[in-house]
Amino acid sequence: MKKSIIMVVNPISGDVDKAQFVEAVSFFAKKENLELILYETSGEGDLFKVRELYKEYQPERILVAGGDGTIKMVAEAIEKHDVILGILPAGSANGLSVDLNLPIALEENLEIAFYGNYIEIDMIAINGKKSLHLSDIGLNADLVKNYENSETRGMWGYAIQAYTTLKDMQDPFEATITANNQTIACVARMIVIANSQKYGTGVIINPDGAMNDGKFEVVILKNLDLIVFGKIITGNMPIESDDIEIISTDRATIKTNIPVSFQIDGEYCGAESILEISILPKQLKVAVA
C-alpha cells in the first residue's frame, strides 16, 4: 500500500498565495511515491478533522503551510502520536520557524520538511490551553487583538496596529508572579510566557530560552514606550535593561489586579486576571535542518 503524507494549509494566513506551496509539495510527494492528502483549514473544527485524518492515514510526517496559530492547532491534533511535523512558514509573523532557524526559501524548507532530522520540543499549558512558542499578556496581546480585527495583513498591518495600540495604551497593570517557591510583585506593561527566544520579527525576547529544556521563561517588561515597542516590532530590542526581568521555571502562576489582554502564539484569547502555567516536556517532533 502506498505511504501517505498529510499537508495542512491555512488559505488565509499571512496574505500569502498557497498555490505554490501545494504545487511544490505535490511534486515532492510524487517524486517520493507518496499519496498526498491535502487539508485546507476553515476555522471550523480543524483540530478534530486533522486528528481524524491522522488516524485514517497514519503518515510519518505532517506538513503545515501557515503561521504559528495553524502550527499550534496541528501540534495539538498530533501531540500524542509518533509523527514528525514539517513546517513551511506562510504566516504574517512566523515566530516558530524563525526560532528553529528554518530557511526562508520554500525549496530548502521542503527538503527539511520531507527529509530533515527532528528535535522533540516542549509545549506549555496555560489555563488548559497549549502554547508552542510565545504567549503574553498586556501590550502585545492588545496589538494581536487589533491586528485580528483589521483588514491589512503582513508586517505592514502589524506596523499600523502597533501605532494604534500605543496611541490607545492604558496604564500599566499590577502583577503577582509565583514561581520556584517565590512570589514577586511588579508593575508591568507586558509579561511574556516564553518557550523559545524570538518573536517572528527576529527580536530576541528571551536570550537563554530553549524549546527542549523542560523549562519556560516568564519575561517581565516593566516599561514599554514607543521606542522600545517599535524595537520589538522591528526586531532590534536591547534585552540588557533594568526594565526587563526573566524568571526560568517549569511552573508558575500570574495574577493581575485587572483583566489583561492575553494571546497564545499570535491568537487573541480574551482578557485574563489569573494564568496557571506549566511545562509539558517533549510533546512534539519537529523537522529541523
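In this predicted model, Ile-124 of strand S5 stands opposite Ser-131 in strand S6, within an antiparallel pairing of S5 (residues 117-126) and S6 (residues 129-131) that extends over three bridges. The hairpin formed by S5 and S6 has two residues between the strands, and in this hairpin Asn-127 takes a positive phi near 50 degrees.

Strand S5 is also paired with strand S14, which spans residues 267-288, and this pairing likewise runs in the antiparallel sense, over nine bridges. Within the pairing of S5 with S14, Ala-125 is the residue that stands opposite Ser-278 of S14.

Attention turns next to the helices. Two packed helices are described by the angle between their axes together with the distance between those axes. For helix H1 (residues 19-31) and helix H5 (residues 106-115), the axes come within 11 Å and cross at roughly 45 degrees. Because angles from 35 to 65 degrees fall outside the ranges counted as roughly parallel or roughly perpendicular, H1 and H5 are therefore oblique to each other, and the crossing in which H1 passes H5 is right-handed.

On the side of H1, the contact is made by Gln-20, Phe-21, Ala-24, Val-25, Phe-28, Ala-29 and Lys-31, which meet Leu-106, Glu-107, Leu-110, Glu-111, Phe-114 and Tyr-115 on the side of H5. Classified by residue type, this contact of H1 with H5 comprises nine nonpolar residues, one polar residue and three charged residues.

Note on methods
Residues are numbered from 1 along each chain as its sequence is written. This is a predicted model: local features need pLDDT of at least 70, side-chain atom pairs count only at pLDDT 80 or more; totals for chains, interfaces and linings use all residues. Side-chain values use heavy atoms; hydrogens and water are left out. Axes are lines fitted to C-alpha atoms, for helices over the stretch in contact, and angles run from 0 to 180 degrees between N-to-C directions. Helices (H or I, at least four residues) and strands (E, at least two) are DSSP runs, numbered from the N terminus. Angles under 35 degrees count as roughly parallel, over 145 as roughly antiparallel, 65 to 115 as roughly perpendicular and the rest as oblique. A crossing is left-handed if the near helix is turned anticlockwise from the far one by less than a right angle, and right-handed if clockwise. Contact means heavy atoms within 4.5 Å. Ala, Val, Leu, Ile, Met, Phe, Trp, Tyr, Cys and Pro count as nonpolar, Asp, Glu, Lys and Arg as charged, and the others, Gly among them, as polar. Two strands pair if DSSP finds at least two bridges between them.
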